[in-house]
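Open the structure in your viewer and keep the selection tool at hand. The tour goes from one residue to a helix, and then to the helices around it.

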Amino acid sequence: MPQAKLTDRFGRTIDYVRLSVTDRCDFRCVYCMAEDMTFLPRQQVLTLEEIARLAQTFISLGTEKIRLTGGEPLVRNDIVDLVREIGTMGLRDFAMTTNGNQLARLAQPLRQAGLKRLNISLDSLDPERFHAITRTGQLEQVLDGIDAAREAGFDGIKLNVVVMKGRNEDEVPALIEFARRKRLDISFIEEMPLGHITEHHRGESLFTSDQVRNLIRQHHELVPAMADSGGPARYYRMPDSPVRVGFISPHSHNFCATCNRVRVTVEGRLLLCLGNEHSVDLRRVLRGYPENDSRLRQTIIQAMDLKPERHHFSTQGDVQILRFMNMTGG
């Protein structure tokens, strides 16, 4: 049983941790990373044993939900073994964010290993456009992965769509219909200004959650949902469908007041906020005190004082955070 609760200076209880297992990815999505990326050398990356130790330590401090992220977590060797270990730790919710590219072969093993839920990125249903956004991805392979995940029987599967003006906002109605047909929840996400990119200007590509809602309401009624996922999305339902429609709005509807989460990058940096550079080096503690979890626990507890009240993303496309999304951990 957890013996403590992580609380920040603003009275928020932190019980949700996103653990990055790799900065690498088999896609090169235009909003996530540069086309020609330099990835971390192996010695800077946490081992699977270190990631599992972090998970156990956070759980001892009251963490109830862990999400494995990347990069793309399914490109990490032995990822199923890590899922199996964390899956025995008694979490209320154990999830993963993935691009779906490897799910056709891994969905069933992940479910059997104890993973409960999946978030799968799907930014377009047009094969050519999908390839242009991901730079390397093949839509059919991801669709096969979504079907494999449904057949594997996960407790929940949600589609994630990053909406960009002039690139895929016209597909919002089609993506809603796809979600309804597959009976999958779907969230629409405003692009976040993380890392310098040259492929497009973020200030010009911002398509807000309000604009997405207006598009959907041309076809379906949206009613606010009461259930809370424990994450940043605000959910709606359609009266004629069980599908929930979520909106993640770091620009237009700041969700910081109820933030209950922190992130750990694959190099062991504890990030206290997605939109700030406040961080603590947990890798140094993990490797400096390999047998002393009390030192690791105390470092995490003290780090909560660094968690800011909110982020301040600009709507002009300005980049305040130099790290790319693949370095941040979802």
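Start by selecting Leu-68 in this predicted model. Leaving aside neighbours within four places in sequence, Leu-68 is in contact with Leu-19, Val-21, Pro-73, Ile-79, Leu-82, Val-83, Ile-86, Phe-94, Ala-95, Met-96 and Thr-97. Leu-68 also belongs to the largest nonpolar core, which has 91 residues. Along with Phe-58, Leu-110, Leu-122, Phe-188 and Leu-270, Leu-68 is among those that touch the most other members of this core.

Next, select helix α2, residues 79-86. Which of its residues are buried? They are Ile-79, Val-80, Leu-82, Val-83 and Ile-86. These residues cover an arc of only 160° around the axis, so they lie on the same side of α2. To see part of what covers them, show α1 (48-60), β4 (65-69), β5 (93-98) and α3 (103-113).

Now keep α1 and α2 on screen. Their axes are 10 Å apart and the packing angle is about 25°. The two helices are therefore roughly parallel to each other, and α1 passes α2 in a right-handed crossing. On the α1 side, the contact is made by Leu-48, Ile-51, Ala-52 and Ala-55; on the α2 side, by Leu-82, Glu-85 and Ile-86.

Last, add helix α10, residues 293-303. α1 packs against α10 at an angle of about 65°, with the axes 10 Å apart. Here too α1 makes a right-handed crossing as it passes α10. Select Arg-53, Leu-54, Thr-57, Phe-58 and Ser-60 of α1, then Asp-293, Leu-296, Arg-297 and Ile-300 of α10, to see the residues that make this contact.

Note on methods. Residues are numbered from 1 along each chain as its sequence is written. This is a predicted model: local features need pLDDT of at least 70, side-chain atom pairs count only at pLDDT 80 or more; totals for chains, interfaces and linings use all residues. Side-chain values use heavy atoms; hydrogens and water are left out. Buried means under 20% relative accessible area, exposed over 50%, partly exposed in between (1.4 Å probe, protein chains only). Helices (H or I, at least four residues) and strands (E, at least two) are DSSP runs, numbered from the N terminus. The arc is that of the directions from the helix axis to the C-beta atoms. Contact means heavy atoms within 4.5 Å. A nonpolar core is a set of buried Ala, Val, Leu, Ile, Met, Phe, Trp, Tyr and Cys residues joined through side-chain atoms within 4.5 Å. Axes are lines fitted to C-alpha atoms, for helices over the stretch in contact, and angles run from 0 to 180 degrees between N-to-C directions. Angles under 35 degrees count as roughly parallel, over 145 as roughly antiparallel, 65 to 115 as roughly perpendicular and the rest as oblique. A crossing is left-handed if the near helix is turned anticlockwise from the far one by less than a right angle, and right-handed if clockwise.
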